[in-house]
Amino acid sequence: MSDTTSDHVLIFDTTLRDGEQSPGATMTHDEKLEIAEMLDDMGVDIIEAGFPIASEGDFAAVSEIARRSKDAVICGLARAKPADIERAWEAVRHAARPRIHTFIGTSPLHRDIPGLSMDEMADVIHDTVTLARNLCDNVQWSPMDATRTEPDYLCRVVEIAIKAGASTINIPDTVGYAVPRESARIIEMLLERVPGADQITFATHCHNDLGMATANALAAVEAGARQIECTINGLGERAGNTALEEVVMALRVRNDALPFKTGVDSTRIIQISRRVAQVSGFAVQFNKAIVGKNAFAHESGIHQDGMLKNRENFEIMRPEDIGLTETNLVMGKHSGRAALRKKLADLGFEISDNQLKDVFVRFKELADRKKEVFDEDLIALMSDGTDAANDRIRVKFLRVICGTEAPQSADLTLTIDGEDHQVTATGDGPVDATFNAIKALFAHEARLQLYQVHAVTEGTDAQATVTVRMEEDGKIVTGQSADTDTVVASAKAYVNALNNLLVRREKGRP
Ligand code: KIV
Ligand code: ZN
């Protein structure tokens, strides 16, 4: 039940549902289980684990996350259709604390899609929330595109959903259209006008199309919402969703102005941020609030001087508050496993013994090539999506000839399903030649949408992180790899994307 006098705000994370819906943000089954466990451990109240009817893969992931859940409520999404709601229940019912989240588009534009009149839609809402409530004690209902729904109709349908048994009413700003004052006003209006509104929890679900998702979510909380829907790194369709790290830290740092608290352990933020960036293939922009590489970097002389005199001059929060710890441990080719594990833990990566074995081998290879291994190098190493045990395609050998004389050529050996295949291909530059060689060895129709190279550190021996995004029949996948040789990193990133595409084809989901 909602108590708008309470200062506790529930955190509802939808990284695995709305976040994963972001084109290209594919996560494997195991990665989803891992992220869900991290969310549960950091104190997230509700985890939206997926959209069970969307595919067999989604169903399996939500069911398994539900089975393994500890304290968090596990939620599955369902459209306003009996088959969706029943499928969502089938998946979440294994959780100690299951929730069904059902939704329908209520704005004029969205009502047009199923071609329902206002009255017909009201009946559908009544029937579907009733069905969900008969299956599960904990039902959340969302009027999709609420911020563009006529206020009177919004009040009417929210009342119907409450009467039918929904205990959480989520107000989505589906297209990121609202401004903070509107976001607050809608919650105030619903609390004032809808009978029974004081008996339920209002949630806010904002998209970031105009860069106001966090401001809108916080405005809704000030107006009486007590659940914020958000994702790690703000991952999500288009410009993404409200970022979990932003609302958690805003409520913490500005508790004087926003007197609310969450149950999230903020010191776990950097670790999960890096892991989500790694598994989704969506790198965090350098200047991203809270978790960007530069969020705590002070470059200008005036700032550095001020920081040395008193950190509070320019720092409103401490790096340790989000789990960033400074260490003096310099890594190089003589560093051992224990030092590597400690360093990775300081950087926010908790790894198993098996993972350590694999990372240590790759660290040694890198340390042989680079004198000093910087924190950024290790982060890039951990973000390298290649060489997973179940990869069907691997880069075994690559030699490129490049320079002023065209055509450039690539001599490539790929191991495909355990067998080696070799080819020499030419192209317009070494990367083009390499990609042509991959296409010759593993024919595919996928279209390259993005090819991006970042230097991880300074210096000519710096590693390059390459991100590749490709699309095939509406399926969008990304691949990432890091290497001191940019062309090798490019080949591995491309192959990583292809491996992800093969997983996606098996899942049969766009
Ligand atoms: O943005 C949106 O409207 C959604 C709903 C499914 C809640 O994600
Ligand atoms: Zn959404």
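A nonpolar core is taken here as a set of buried Ala, Val, Leu, Ile, Met, Phe, Trp, Tyr and Cys residues joined through side-chain atoms within 4.5 Å. In this predicted model, the largest such core has 92 residues, and those with the most contacts inside it are Trp-141, Ile-169, Leu-190 and Phe-202. Helix α7 gives the most to this core, contributing 8 residues. Domain 1 (10-280) and domain 2 (296-325) both supply residues to the core, so it lies between them.

Ile-169 offers a convenient place from which to look around. Leaving aside neighbours within four places in sequence, Ile-169 is in contact with Trp-141, Val-158, Ala-161, Ile-162, Ile-200, Thr-201, Phe-202 and Ala-203. Apart from the core described above lies another one, of 31 residues, which includes Leu-414, Val-431, Val-487 and Ala-491.

The parallel strands can be followed one pairing at a time, starting with β2 (residues 46-50), which pairs with β3 (residues 73-79) in the parallel sense over 4 bridges. Within this pairing, the bridge partner of Ile-46 is Val-73 in β3. Helix α3 (residues 56-68) joins β2 and β3 in a right-handed β-α-β unit. On its other pairing, β3 runs parallel to β4 over 6 bridges, and Ile-74 stands opposite Pro-98 in β4. The chain passes from β3 through helix α4 (residues 82-92) to β4, again as a β-α-β crossover that is right-handed. Strand β3 is mostly covered, with 6 of its 7 residues buried.

The next pairing brings together β4 (residues 98-105) and β5, in the parallel sense and over 6 bridges. Here Ile-100 stands opposite Val-139 in β5. Strand β5 also pairs with β6 (residues 168-173), in the parallel sense over 2 bridges, and Gln-140 has Thr-168 of β6 as its bridge partner. Together, β5, helix α7 (residues 151-163) and β6 make a right-handed β-α-β unit. Of the 6 residues of β5 (residues 139-144), 5 are buried, so this strand is largely enclosed by the rest of the structure. In a regular strand the side chains alternate between the two faces of the sheet.

The metal site comes next. The zinc ion (ligand 2) has Asp-18 (OD), His-205 (NE2) and His-207 (NE2) as its protein donors, lying 2.0 to 2.2 Å from the ion. Along the chain, these donors follow the spacing D-x186-H-x1-H. Distant parts of the chain are thereby linked: Asp-18 belongs to helix α1 (residues 15-19), while His-207 sits 189 residues away in the loop between β7 (201-206) and α9 (213-223). Asp-18 and His-207 are both buried.

Further along the chain, helix α15 (residues 375-383) has Asp-377, Leu-378, Ala-380, Leu-381, Met-382 and Ser-383 as its buried residues. These buried residues pack against helices α11 (269-280), α13 (337-346) and α14 (353-369), as well as strands β13 (464-472) and β14 (475-483).

Strand β11 (residues 419-427) holds Val-423. Not counting residues up to four places away in sequence, Val-423 touches Ala-410, Asp-411, Leu-412, Ala-437, Ala-440 and Leu-441. Val-423 and Ala-184 are 239 residues apart in sequence, and their C-alpha atoms are 61 Å apart in space.

Some backbone details may also be of interest. Most residues other than glycine have a negative phi, and most peptide bonds are trans. Against that background, the peptide bond from Ala-406 to Pro-407 is cis, with omega near 0°. Pro-407 lies in the loop between β9 (393-401) and β10 (408-416). Arg-238, although not a glycine, has a positive phi of about 50°. This residue is found in the loop between β8 (227-230) and α10 (244-253). With a relative accessible area of 49%, Arg-238 is partly exposed, since the exposed class begins over 50%. Ile-290 is another non-glycine residue with a positive phi, near 70°, and is placed in the loop between α11 and α12 (301-309). Its relative accessibility is 8%, so Ile-290 counts as buried.

Terms used: Residues are numbered from 1 along each chain as its sequence is written. Chains are lettered from A and ligands numbered from 1 in the order in which they are written. This is a predicted model: local features need pLDDT of at least 70, side-chain atom pairs count only at pLDDT 80 or more; totals for chains, interfaces and linings use all residues. Side-chain values use heavy atoms; hydrogens and water are left out. Donors are N, O and S atoms within 2.8 Å of the metal (3.2 Å for Na, K and Ca); water is not among the atoms, so sites may look incomplete. Buried means under 20% relative accessible area, exposed over 50%, partly exposed in between (1.4 Å probe, protein chains only). Two strands pair if DSSP finds at least two bridges between them. A crossover is right-handed if, with the strands pointing away from the viewer, the path from the first strand over the helix to the second runs clockwise. Domain bounds come from an automatic or database domain assignment. Contact means heavy atoms within 4.5 Å.
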